[in-house]
Amino acid sequence: MSPLRAAAHFRDFTSRVIHVNSVLLFTAGVLFVLLIASNWVLLYHSRSLTRALQARQSDLYPTQGMRIARIAGLGLDGAPVEVDTSDGTRDSLVFLFSPTCQICTANWPFWDRLLSSNGIDRFRLVFVNIAPPLPPGFVSSYRLPESARVLALVDPQYLAAHKFSVSPALLRLDPGGTATNVWLGQSRPNTQEDIITTLGLHGR
């Protein structure tokens, strides 16, 4: 092969290599852009799904800022009980429980600790059973202050309106009946101290 033909062949080969490399680089660039775009779309949908789930979950239980001005039902003796938590006189602590809830059983010792704390008399205490009727003697097995109001059976319209569906739960309501703090589930040691501090209580 003559030098001229060899040089032309080399230039043609080089040109093809450059073309192939350009195509590969372009394809890689397109794939990279598509990958970034797909990741962004997935992230957007993930955040949207998270917001939707959070919104859905907030429909299941009381949340901070929710107004719970009145709770009505039947007391331990079967007589009607109505509690006005928006009379403007003091904060209320609403305890949601169920006799069939094992987590509630594990949480009662902490609630007993709260009820025996100095300063608890500043609050209106309301205990609400959100499950089927209480077994005889259930509440008497716990040390509830005489001032505590107990609803053994809640009017269904209040259960729905106030989203009383999760137990155990502790709600702090301001004098106007608005939830300023909501604690759901079993209170772990670190949460217990946070609750006591937030409520401004002191052990005896």
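The following exchange examines a predicted model and the reasons behind several of its structural labels.

Colleague: What makes R70 and E82 a salt bridge?

Modeller: The closest N and O atoms of R70 and E82 are 2.7 Å apart. The cut-off is within 4 Å for a side-chain nitrogen of Lys or Arg and a carboxyl oxygen of Asp or Glu, so the pair qualifies. R70 lies in strand β1 and E82 in strand β2, so the contact ties together parts that are 12 residues apart in sequence.

Colleague: Why is R70 called partly exposed?

Modeller: The relative accessibility of R70 is 33%. Buried requires under 20% and exposed requires over 50%, so a value in between is called partly exposed. E82, at 45%, receives that label by the same reasoning.

Colleague: How do you know that D87 and R124 form a salt bridge?

Modeller: Their side chains meet at 2.7 Å, N to O, and the criterion is within 4 Å, so the label applies. The pair links distant parts of the chain: D87 is in the loop between β2 and β3, R124 is in strand β4, and they are 37 residues apart.

Colleague: Is R124 buried or exposed?

Modeller: R124 has 9% relative accessibility and counts as buried, because the limit for that label is under 20%. D87, with a relative accessible area of 39%, is partly exposed.

Colleague: What links helix α4 to helix α2 through side chains of E193 and R113?

Modeller: E193 in α4 (residues 189–199) and R113 in α2 (residues 102–115) are 80 residues apart, and their side chains meet in a salt bridge at 3.0 Å, N to O. Both ends are partly exposed: E193 has 40% relative accessibility, and R113 has a relative accessible area of 36%. In total, the structure holds 4 salt bridges.

Colleague: What is known of the span of α2?

Modeller: Helix α2 has 14 residues and reaches 20 Å from its first C-alpha to its last, close to the 20 Å expected at 1.5 Å a residue. There is nevertheless a kink of about 35 degrees at W108, shortly before the proline P109.

Colleague: Which elements do the buried residues of α2 pack against?

Modeller: They pack against β3, β4, β7 (169–173) and α4. The buried residues of α2 include C104, W108, F110 and L114.

Colleague: Why are β2 and β6 described as standing at the edges of the sheet?

Modeller: The open sheet of 3 strands has the order β2-β1-β6, with antiparallel pairing. Strands β2 (80–84) and β6 (153–154) each have a single partner strand, so one side of each is left without a neighbour in the sheet.

Colleague: How do you know that β1 pairs with β2 and with β6?

Modeller: Pairing requires at least two bridges. Strand β1 (residues 70–74) and β2 pair in the antiparallel sense over 5 bridges, and 2 bridges join β1 to β6, so both cases satisfy the criterion. L74 stands opposite P80 in β2 and opposite L153 in β6. Strands β1 and β2 also form a hairpin with 5 residues between them, and G78 in the turn has a positive phi of about 85 degrees.

Colleague: Where is the pLDDT below 50?

Modeller: The protein averages a pLDDT of 82, and 74% of the residues score at least 70. Over residues 48–56, however, the pLDDT is below 50, and this stretch has 0 contacts in the model beyond near neighbours in sequence. Where pLDDT is low, the predicted coordinates should not be read in detail.

Conventions:
Residues are numbered from 1 along each chain as its sequence is written. Side-chain values use heavy atoms; hydrogens and water are left out. Helices (H or I, at least four residues) and strands (E, at least two) are DSSP runs, numbered from the N terminus. Buried means under 20% relative accessible area, exposed over 50%, partly exposed in between (1.4 Å probe, protein chains only). pLDDT is the predictor's confidence in each residue, from 0 to 100. Contact means heavy atoms within 4.5 Å. The expected span of a helix is 1.5 Å times one less than its number of residues. The bend at a residue is the angle between axes fitted to the seven residues ending there and the seven starting there.
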